[in-house]
Amino acid sequence: MLLPHAHTLAQARTCLVALADAASSEDVSSAYEHVLIELDRIHCDESPDIYLDAVTQDQAIQFEIATLAIEGLKGYGVDALSVELVLWMLEDAYSQDCA
Amino acid sequence: MYGETGTAMRQELAGLLRQHRVQQRLGGPPEAREEAGLLIRQYRQNVLLWCSQAMRATSPLTFSNLAPAQPNPFRAVGGGGNAATPAGELARALERAGQQSTALPATSEQVTTPTGHDVIERWRESARAASLAEHDTASEVAERMTAGQAQVVVGDVAAITQALVVLDQRYRNTPGWEQLAQSARLGWASLAAALDVNLRQPDYTVDELGWRPKTKIIEGPVKEGILGVLQAEHNLIVRMKSFPNATNLRYIIDSQRLLSRRLVPFAARIDPRLAEVWSDRADTYATLQQQFRRIGGRLGKGGYAAAEGANAVSRIKALPTDTVVEPRVLGGFQLLFNKLDRRIADVIEDGIDRCAFLHRVTLPRVVGDSGGLVAPVRERFMPVNSAANPELMETIRGRLRPRQGRATPTPGPTRADLHAALIHRPEPRTSGLEL
């Protein structure tokens, strides 16, 4: 894993963790957690750590950053179908969160 | 398990001790009673064999509590297997009684085939329990026994021997009956052994030793309602026998967090105390989930366990909110939760000990002097260390692992019942003409 890839993945993980911690319910938090686990599984559990001190508090921005970062993973050789499935899981969780 | 086989033996012998006028009970012509007597002696031989085997297996631990002071520490006093101790004397008397009997032990077919006769059936059941108990007091099990546990076994053997001696006297009028060799000596030896072992505090945890059936997956169709959730949780525990990798462990942790939280409203209607416990459990798993985001590891499997956890969650989500859950089912959940929590705590601690879990790398740096054209990310895999992670260890040891709140083991009702049967007196005959 090259440095830009690792940075993108760390950014996506950080935003997902922030979304999970601030989720409106236990089920939504679990849905975000599943996105995070799936992201780690795609990377064979070699993902970098999170850095929560550098993340914004706005959930909409967190969601946007996470979406962009996950989309950006396609550019680093991650399977496009897996990325799309993770994005769908994220959107589903976010729509539950906003409902 | 010795608790079950020992209980079965004591129950049947207590039932036999409460039977009087044996010849009437056996019934039939002398030839039939002789045949029944032979079968009973064969069953008795099985019980005697178990008694001898149990005494032999526990002999290294049967120290006499009446041993006199011995100034020379190199000379054994009342040590294991010493014939001078009451337990040793009982063992020898039992061996002699077993060897001098002309009856052979009942065959497997005789032990397992019901006879349909009230008296003989009790003897058959006690012989069956004795045969099964041979697994529970075998030398491999006895190797793990403590002195207190061995004393309980000796006490049980002494009580059973006393019962056999009393019954031997009561059956002596049966045609062709053969009395136990030196039955008086056997009775006194068993009495002495019982008195000797009772001088020390017995350890009734021996009832949990021995063979027990393997826990299996509950297969077949999914059970209706809450029982389906219980089924999935049971299967999850069985599947947790294999070590899960970090990813699957995170799925399992998430499933337990959701399951506990979803069960809280159902429990609150029946047992508010349990609802509080499960709410705490959900919080514990939420904390554990947060801590495991920073931990990775690819060793292990656990795919089936993660699937069973998901089954449990999906089934409880489908449960109608007005469902009333029986206290027995709630108790079942609590039992399973305790087992699973203990297992997950073991898995995590074991994973930390064998370095199966790694810390994720924080903000990777570029290694400039790698010598290659492309500078790779510096990968520093650091195993999770229990000393460096006090929060994680506190969650596991302080919150996740169930408290050792086990009740003090008791002798159980059958031991007291057998002693009561040994000393009971038959009810006086009534004329039937009282007004």
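**Exercise 1. A salt bridge within chain B**

With which residue does B:Arg18 form a salt bridge, and how far apart are the closest N and O atoms? Locate both partners and classify their accessibility.

*Solution.*
Step 1. The structure is a predicted model. In it, the partner of B:Arg18 is B:Asp417, with the closest N and O atoms 3.0 Å apart.
Step 2. B:Arg18 sits in the loop between helix 1 and helix 2 of chain B, whereas B:Asp417 belongs to helix 16 of chain B, so the pair ties together parts that are 399 residues apart in sequence.
Step 3. The relative accessible area of B:Arg18 is 38%, so this residue is partly exposed. B:Asp417 also counts as partly exposed, because its relative accessibility is 30%.

**Exercise 2. A second pair in chain B**

Determine the N to O distance of the salt bridge between B:Asp271 and B:Arg273, and classify each side chain as buried, partly exposed or exposed.

*Solution.*
Step 1. The side chains of B:Asp271 and B:Arg273 meet at 3.7 Å, N to O, and the cut-off for a salt bridge is 4 Å.
Step 2. B:Asp271 has a relative accessible area of 23% and is therefore partly exposed.
Step 3. B:Arg273 reaches 56% relative accessibility and so counts as exposed, the threshold being over 50%.

**Exercise 3. The extent of the interface**

Describe how many residues chain A and chain B bring to their contact, and how much area they bury.

*Solution.*
Step 1. Chain A contributes 28 residues to the contact and chain B contributes 26 residues.
Step 2. The two chains bury about 2,600 Å² between them, and 49% of this area is on carbon and sulfur atoms.
Step 3. Of the area that chain A buries against chain B, 25% is supplied by A:Glu26, A:Asp45 and A:Asp49, more than by any other three residues.

**Exercise 4. Polar and charged pairing across the interface**

How many salt bridges and how many residue pairs in polar contact does the rule find across the interface of chain A and chain B? Relate them to the elements and residue classes on the side of chain A.

*Solution.*
Step 1. There are 10 salt bridges across the interface, and 16 residue pairs are in polar contact, both residues being at pLDDT 80 or more.
Step 2. On the side of chain A that touches chain B, the elements giving two or more residues are helix 1 (3-21) and helix 2 (26-42) of chain A. Helix 2 of chain A provides the largest share, 11 residues.
Step 3. By class, this side of chain A has 12 nonpolar, five polar and 11 charged residues.
Step 4. One of the salt bridges joins B:Arg261 to A:Glu26 at 2.9 Å, N to O. This pair crosses between chains, from helix 11 (residues 246-270) of chain B to helix 2 of chain A. B:Arg261 is partly exposed, because its relative accessibility is 24%.
Step 5. The side chains of B:Arg293 and A:Asp21 also meet in a salt bridge, at 3.0 Å, N to O.
Step 6. A network of salt bridges links A:Arg13, A:Asp40, A:Asp45, B:Arg250 and B:Arg360. Over all chains, the count of salt bridges comes to 34.

**Exercise 5. Nonpolar cores**

Which residues touch the most other members of the largest nonpolar core, and which helix gives the most residues to this core?

*Solution.*
Step 1. The largest nonpolar core holds 62 residues, of which B:Trp50, B:Leu90, B:Trp123, B:Val157 and B:Tyr171 touch the most other members.
Step 2. Several helices of chain B each supply at least two residues, including helix 3 (30-58), helix 4 (86-100) and helix 8 (147-170). Helix 8 of chain B gives the most, with 12 residues.
Step 3. Leaving out residues up to four places away in sequence, the contacts of B:Leu90 include B:Met55, B:Val157, B:Leu186 and B:Ala193.
Step 4. Another core, of 50 residues, lies apart from the largest one; among its members are B:Leu236, B:Val264, B:Ala267 and B:Leu400.

**Exercise 6. Two residues in helices**

Establish whether A:Val35 and B:Asp156 are buried or exposed, and list their contacts beyond four places in sequence.

*Solution.*
Step 1. A:Val35 lies in helix 2 of chain A and is buried, because its relative accessibility is 0%.
Step 2. A:Val35 is in contact with A:Leu16, A:Val86, A:Met89 and A:Leu90, its neighbours within four places in sequence being left aside. The C-alpha atoms of A:Val35 and A:Ala93 are 8.6 Å apart, although 58 residues separate the two along the chain.
Step 3. B:Asp156 is placed in helix 8 of chain B. With a relative accessible area of 6%, B:Asp156 is buried.
Step 4. B:Asp156 touches B:Tyr2, B:Arg10 and B:Arg415, not counting residues up to four places away in sequence.

Note on methods
Residues numbered from 1 in each chain as written. Chains lettered and ligands numbered in written order. Predicted model: local features only at pLDDT ≥ 70, side-chain atom pairs only at ≥ 80, totals over all residues. Heavy atoms only, no water. Contact = heavy atoms within 4.5 Å. Buried area = accessible area lost by both parts, 1.4 Å probe. Polar contact = N/O pair within 3.5 Å; in protein donor to acceptor, adjacent residues only side chain to side chain. Helix = DSSP H or I, 4+ residues; strand = E, 2+ residues; numbered from the N terminus. Nonpolar A, V, L, I, M, F, W, Y, C, P; charged D, E, K, R; others polar. Core = buried A, V, L, I, M, F, W, Y, C linked by side-chain atoms within 4.5 Å. Buried < 20%, exposed > 50% of the residue type's maximum accessible area, 1.4 Å probe, protein only.
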